[in-house]
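Thanks, everyone. I would like to take a few minutes on one part of this model, and please stop me if anything is unclear.

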Amino acid sequence: MLIRKSWQALAIALLLLVASRANANTWPTLELPAGARSEVVADDMILNGLNSRVLRFDIKGTMQDAEAFFRQQLGPRIAENEIRGSKVLATRQGDYFVTVQLRELRSGVVQGTAMTTRLQREPGEINATSQLRKALPPDTAVLSTSQSDNHGRPAVTLVATNRATVKANRDSLLTRLADEGFRVAKEGTQVVDGHPTTVLQLIRDGEDVIVTISDLIAYRSLVINRVKEPH
């Protein structure tokens, strides 16, 4: 009898654990105004190590109407901010953080981007940006990373900065990526916003890496995009 009760207790505990994980993995739903046109930008993206979903939408009406609608959607505990002419509304909902960015596209039309981020990392989650991090010179600060898998086309983006020279950055990346079988397909220098910028395209079968290194005098800015083609 004692053994049977122990197994029953274990079964109940397992069911409660599965249920709690299922609830934790239930993403919050953000309603849109009637008539809104929406597009999923990414439904499975890892941004700075956290799972995220991104939705872009257009709605008819004024900014005041849009802000009022999403204030009601997000609830009473909202952080609000103005960023480059856009209104940003954000709140935490359980294990998730929801951000809505709104801007007036034209008179009577508001464009928005909604991002939902799960704040808890999955156990054993593999960070696909680790290989790119290893290719960077020492003392490089990684500012942001993102991973996505859109229609079977895995992509990784890394943004970083350091004080190494453009040549040191280039050589470090080329050496590491060459070990993985990449070769330089294109290379060129252009001026972007007044700053000399080196752009490299490296390829291997079914995979591209685009490296952009901007010389900002005091430091260098790097943007690396790595994309695999679907099999």
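I will talk about one arginine and then about one helix.

Please keep in mind that this is a predicted model, in which local features need pLDDT of at least 70, side-chain atom pairs count only at pLDDT 80 or more, and totals for chains, interfaces and linings use all residues. Residues are numbered from 1 along each chain as its sequence is written, and side-chain values use heavy atoms, with hydrogens and water left out.

R220 belongs to strand β12, residues 220-228, where strands are DSSP runs of E with at least two residues and helices are runs of H or I with at least four, numbered from the N terminus. Because its relative accessibility is 8%, R220 counts as buried, a word that here means under 20% relative accessible area, while exposed means over 50%, with a 1.4 Å probe and protein chains only. A polar atom of the R220 side chain lies 3.2 Å from the backbone oxygen of R163, and a polar atom of that side chain lies 3.0 Å from the backbone oxygen of I217.

Turning to helix α4, residues 166-179, its end C-alpha atoms are 20 Å apart, which agrees with the 20 Å expected of 14 residues, taking the expected span as 1.5 Å times one less than the number of residues. Within α4, the residues N169, L173, L174 and L177 are buried. On the other side of α4, K167, T175 and D179 are exposed. After α4 comes G181, with a positive phi near 95 degrees.

Terms used: A polar contact is a pair of N or O atoms within 3.5 Å; within protein, one must be able to donate a hydrogen and the other to accept it, and residues adjacent in sequence count only if both atoms are side-chain atoms.
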